[in-house]
Amino acid sequence: MADNCNDQSWIAELESALKEDGSVDIDGVNEDPFIPDALRPEIWKSCLFFNHHKPPYFDEIFDLPEQKIIREDCQNFVDKLGNAEEEKLCVISDVECLVSTYCRNTGISYTRGNGWLDLLAPLLALGLHTEDTYSLFEGLRSRYVPRSYGELWALFRLLLLYHDPNLCSFLDTKKISPESYAAPWFQTLFAAPCSLPVVTKIWDLYFQQADPFFMLFLGLVIIINAKDHLLSLKDSSKEAVCEAVSSIPSGLQESDIEDLFALAQEYASRTPGSFRQDLERRVFEDDEVAEGAEKISQALCLPVSVSELVENIHLPPAIGEELLRFFLVDCRPADQYNAGHLPTAFHLDPTLMLQGTSVYKMAVQGLLSAQQQALDAGSSAGGEHLCFIGCGALHEDQYTHMVVAGFLRDYRPYVSILSGGYHALHNYFGDNVEETMSDHNQESCRVCLESGSQAGNQNVGTNGSSTSPSKDLFGKIGAVVKSKSAEVKDKLLEYIVNPTGGNVSERHVSPNDRRGKRYRGGSAVFTIDDSPTVPYAYMGGDEEEEDSQYETVSVSAWKTRPDLIASFECQEVKMNGQTYERRRLFKKFLPFKGKS
Amino acid sequence: MAPAECEATYKVLVLGDSNVGKTCIVHRYCDQTYYDTYISTIGIDFKQKIISLDGTPIKMQIWDTAGQERFRTLTTAYYRGAMGILLMYDVTNQESFNNLTYWLKNIEENASPDVIKVLAGNKCDAVSQRMVEQDMGQKLAENYDIPFYEVSCKQNINIDKIFLTLARHIREQRSYQQLTEREHYDSGQNGNITLDLKSRILEHTSLKEPWKCTC
C-alpha cells in the first residue's frame with residue numbers, strides 16, 4: 001500500500017508540475033488549467049501534504065466536551081449531501097471521526113459555524129480513504145485557512161481601499177466590515193457560498209497558486225465586480241447590503257472561474273506585496289501576536305516596506321512596464337526634503353494645505369500632471385501607484401496623513417504609504433545614504449542629526465560586514481538614478497512651490513525623463529543566455545557575478561508573478577537583510593521552475 | 001497666512017463617536033453647507049475659517065477626525081497640537097453620549113493639559129428620536145467644567161455660538177499664559193501671583209461681554 005501510494009504521488013507530482021507550467025504558459029500545450037477528475041486526488045494531495053505527520057490514530061471512541069454538537073452538525077451536514085439512505089450512517093460516522101480526531105490532535109475545539117464541515121465537503125467528494133481525507137483536511141487548514149482573522153479583515157479592507165476607494169468608503173459608511181460578509185468566504189475557502197463543482201474548480205486553481213493570500217484577491221475581484229449593484233443599494237439598510245455582498249459568490253458558475261482567477265492575478269500583480277512579509281506568519285501560522293500587530297488594523301492605507309520600494313525603484317523600466325511602479329511623493333517639510341530625499345521622489349509640501357485650498361489643489365494638480373508625463377515618457381520616476389513618504393513618526397506625519405487622507409477622499413486608487421517613512425529609508429541605506437539620496441546633507445538631515453555619532457558607530461561596528469555587499473550595489477544604482485531625475489524633480493518642486501509657474505513642468509519633465517530611460521536600457525533583461533546584462537551590471541556585486549544568469553530570470557519571473565513565487569522563503573527576508581541573501585532565495589526557486 | 005491679516009491661528013480638533021456629525025458641523029461652520037447624506041471620514045480632514053473675535057481677525061483651523069475605531073492611533077497624534085477641542089455626541093444616540101467619558105479620558109491622556117474643551121450635543125432638531133435629555137449633557141459638562149451647547153447642523157442652531165465660545169476661551173487661555181510668562185520673566189514670581197492673575201483676567205474678559213455677530 002505504502003509503495004503503491006508513493007508511486008502514485010510521484011506521478012501526481014510530475015503531473016502537477018506539468019499542470020502548473022500549463023497555467024503559467026498561456027500558449028502551453030494544455031489550455032485547460034483545471035485538473036481532470038481522475039488526477040485530482042493525487043494532485044491535491046501533493047499540493048496539501050506539506051507537513052507529513054504520521055498517519056493519525058483513529059479510534060472510534062470520542063468523548064470531547066463538544067461531542068454532542070459535533071454529532072448534531074455532522075448529521076445535518078450529511079443530510080444535505082444527499083447520500084443514499086444506507087450509506088448515510090457510515091458517512092456520518094466518518095465525518096464525525098474526522099472532525100473529532102482533528103480536535104483531539106490539534107487541541108482546537110470545534111465550534112458551530114467554524115466552517116470545518118464545509119471544508120470537508122469537497123474533500124469527501126474525492127472519495128478517498130479516511131486517512132487521506134484527514135491529511136488533506138489538515139493540510140488545507142494549516143496552509144490555507146487563516147488562524148487569526150482580525151488583521152485579515154483589516155488587510156482585506158486596505159486592499160479594497162487600494163483598488164477601489166469608492167466602494168470601500170461606501171461599505172465603511174454603511175459600517176460593514178469585511179468580517180460581516182467575507183467570513184464564510186475565507187473560513188471555508190469559498191466552500192460554503194459556492195456549489196461543489198465551482199468550489200472544486202476554485203481549489204484546483206487556488207492550490208496551484210500556492211499563495212494563501214490569493215484568496216483575498218479572489219474576494220476582491222468578486223466584490224469589485226459587483227460594485228455597480230452594491231452602490232445602487234445606497235439607500236438600503238446595512239443588513240440588506242451585507243446580505244447582498246455575502247451572497248455574490250453563490251452566483252458563480254463553473255465557467256466564471258478561469259476569468260475570476262485571471263482577474264485576481266491581475267489585481268495581485270497590481271498590489272504592493274509587502275504586507276505578506278508582515279502578515280503571513282501572523283495570519284496563517286501560530287496566533288502569537290508579534291509587536292506592531294496593531295499596525296495594519298490602524299493603517300490609513302496599504303503600507304509598503306522600504307525593501308519593496310527600493311527594489312521597485314531600481315527595476316529597469318523595461319521590466320516595470322507591465323508591473324506596478326511607484327510614483328513617489330515626499331510629504332515631509334521642505335527643509336527636510338532639501339536635506340536628503342530619494343532621487344525619484346517628488347515633493348509635495350503638505351503645509352500648502354494650511355495656506356489655502358486653492359494653492360494646495362494647484363500643487364496636487366501639478367504633481368499629478370507630472371506623474372502623467374513621467375508615465376507617458378516611460379521614466380522610472382513615473383508610476384501609477386502613489387507611494388507617500390513621511391518622516392516615519394506618527395506625530396511628525398500629521399500633515400502627511402492628512403494629504404494621504406485627502407487623496408483617498410478623492411477616491412484615488414493605488415495610494416500607499418512607506419512604512420517607517422524617510423527614517424526607515426535612511427536606516428535601510430545605512431552608510432550608503434550619501435550615494436543613494438539626492439541632496440543629502442548630513443548637517444541638516446534630521447535622521448543624521450538625531451542619530452549623530454551613534455549611527456556612525458552602529459554602521460561601522462555592528463553592520464560592518466553586512467552592509468559591505470550592498471555598498472557598491474547601492475552606490476552604482478545611486479549614481480545612475482541620481483543624475484537622471486534630479487532635474488525633473490527640481491523643476492517640479494519649483495512648480496509646486498510657485499504654482500503660478502503654469503506649464504513649466506510640462507516643458508521640463510519629458511526631456512529629462514527620456515534621458516532617464518536611456519540610462520536604464522534593459523531590453524535584454526529577460527534573456528537567460530546573456531551573461532550580465534546591462535541593468536544587472538549595475539545591480540550585481542562581485543559575489544553575484546557567477547549567478548547573474550539565474551538572477552535575471554528569477555527576478556523577472558518573480559516580478560511578473562509575485563503571487564507565484566512570493567512564497568514563504570522569499571518573505572522571510574528581513575527589511576535590513578542583505579541583497580544577496582535575497583538573491584540566494586531566488587536561486588532556490590530556480591531549479592523548481594527549471595525542471596518543469 | 002499673512003500675519004497682518006490674522007492676529008492668531010487657533011487649532012481646534014473635533015472629536016466624538018462615529019456618525020455624530022463631526023464632518024457636518026465643520027462643513028456647516030466653514031462652508032455654510034449642510035449635507036443630509038452621511039459619508040464616513042477617512043482619517044482626518046481639515047478646514048479653516050477666518051472669524052472676527054470681538055473685532056480681531058482670528059483664523060480658526062479646524063481638524064475633523066474620523067470617529068471610527070480603526071483611526072484612533074492616527075487621530076490621537078493630532079491631540080497634542082490642539083488648542084481647543086470640540087467634543088461631540090448625538091442626542092439621538094445614547095451610546096455616543098456614554099462614550100464621552102472615554103473621549104474625555106483620551107483627551108486627558110493625550111492633549112495638552114490646558115487645552116480648551118467644549119461639549120456639543122448634535123441633532124437637537126430631531127425631537128422625536130431624542131435619547132439623551134439636555135440636562136444629562138448639562139450635568140456632564142458641569143462635572144468636567146466645560147461649556148455645553150445643544151446644536152443642530154441641519155437647522156444651524158448654536159453652531160457659530162459654540163465655535164465662538166471655544167475661540168474666546170482659547171484667547172483667554174492664551175493671554176493668561178502670555179501674562180504669566182511675562183510675570184515669570186519679569187520677576188520670577190511664584191504660583192500665588194499667577195493664581196491671582198488668572199482670576200483677574202477671567203473677570204476682565206468674561207463671557208458676559210456682548211459679542212458682535214461674525215457674519
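In this predicted model, the side chains of A:Asp204 and A:Arg40 meet in a salt bridge, with N and O 2.8 Å apart. Because A:Asp204 belongs to helix H10 (residues 196-209) of chain A and A:Arg40 to helix H2 (residues 40-48) of chain A, this pair ties together parts that lie 164 residues apart in sequence. Both partners are covered by protein: A:Asp204 has a relative accessibility of 0% and counts as buried, and A:Arg40, with a relative accessible area of 9%, is buried as well, since the cut-off for that class is under 20%.

Helix H2 of chain A also holds a salt bridge within itself, for the side chains of A:Glu42 and A:Lys45 meet at 3.3 Å, N to O. These two residues are three positions apart in helix H2 of chain A, which means that about one helical turn separates them. The general geometry fits such a pairing, because an α-helix has 3.6 residues a turn and residues three or four places apart therefore point the same way. A:Glu42 is buried, and A:Lys45 is buried too.

A further salt bridge in chain A joins A:Asp79 and A:Lys88, whose closest N and O atoms are 3.3 Å apart. Here the two ends fall into separate classes of exposure, because A:Asp79 has 43% relative accessibility and counts as partly exposed, whereas A:Lys88 is buried with a relative accessible area of 15%. Salt bridges that share partners also build a network, in which A:Asp37, A:Arg40 and A:Asp204 are joined. Over all chains, the count of salt bridges comes to 26.

These pairs sit within a chain that has 32 helices and five strands. Of the 596 residues in chain A, 56% are buried, and the chain exposes about 26,000 Å², of which carbon and sulfur atoms supply 51%. Among the contacts in chain A with a separation of 6 or more, 74% are between residues 24 or more positions apart.

Helix H17 (residues 306-313) of chain A gives an example of how a single element can be covered: eight of its eight residues are buried, so the helix is largely enclosed by the rest of the structure. The buried residues of H17(A) include A:Val306, A:Leu309, A:Val310 and A:Ile313, and they also include A:Ser307, A:Glu308, A:Glu311 and A:Asn312.

Attention can now turn to the place where the two chains meet. There, 22 residues of chain A are in contact with 26 residues of chain B, and the two chains bury about 2,200 Å² between them, with 57% of that area on carbon and sulfur atoms. On the side of chain A, the residues that lose the most area to chain B are A:Gln298, A:Leu354 and A:Gln398, which together account for 26% of what that side buries.

Polar and charged groups also take part in the interface. Between chain A and chain B the count is two salt bridges, one of which is formed by the side chains of B:Asp45 and A:Arg409 at 3.0 Å, N to O. Across the interface of chain A and chain B, 13 residue pairs are found in polar contact. The elements that give two or more residues to the side of chain A that touches chain B are helix H8 (165-173), helix H16 (295-298), helix H20 (352-355) and helix H22 (398-409) of chain A. H22(A) gives the most to this side, with seven residues. By class, the side of chain A that touches chain B has eight nonpolar, nine polar and five charged residues.

Chain B, finally, offers two backbone details. Most residues other than glycine have a negative phi. B:Gln32, however, has a positive phi of about 55° although it is not a glycine; B:Gln32 is placed in the loop between helix H1 (22-31) and strand E2 (44-53) of chain B, and with a relative accessible area of 51% this residue is exposed. B:Lys123 likewise has a positive phi, of about 70°, and is not a glycine. B:Lys123 is found in the loop between strand E5 (116-122) and helix H5 (134-144) of chain B, where a relative accessible area of 25% makes the residue partly exposed.

Key: Residues numbered from 1 in each chain as written. Chains lettered and ligands numbered in written order. Predicted model: local features only at pLDDT ≥ 70, side-chain atom pairs only at ≥ 80, totals over all residues. Heavy atoms only, no water. Helix = DSSP H or I, 4+ residues; strand = E, 2+ residues; numbered from the N terminus. Buried < 20%, exposed > 50% of the residue type's maximum accessible area, 1.4 Å probe, protein only. Contact = heavy atoms within 4.5 Å. Areas by Shrake-Rupley, 256 points an atom, 1.4 Å probe, with all protein chains shown as cover. Buried area = accessible area lost by both parts, 1.4 Å probe. Salt bridge = Lys/Arg side-chain N within 4 Å of Asp/Glu carboxyl O. Polar contact = N/O pair within 3.5 Å; in protein donor to acceptor, adjacent residues only side chain to side chain. Nonpolar A, V, L, I, M, F, W, Y, C, P; charged D, E, K, R; others polar.
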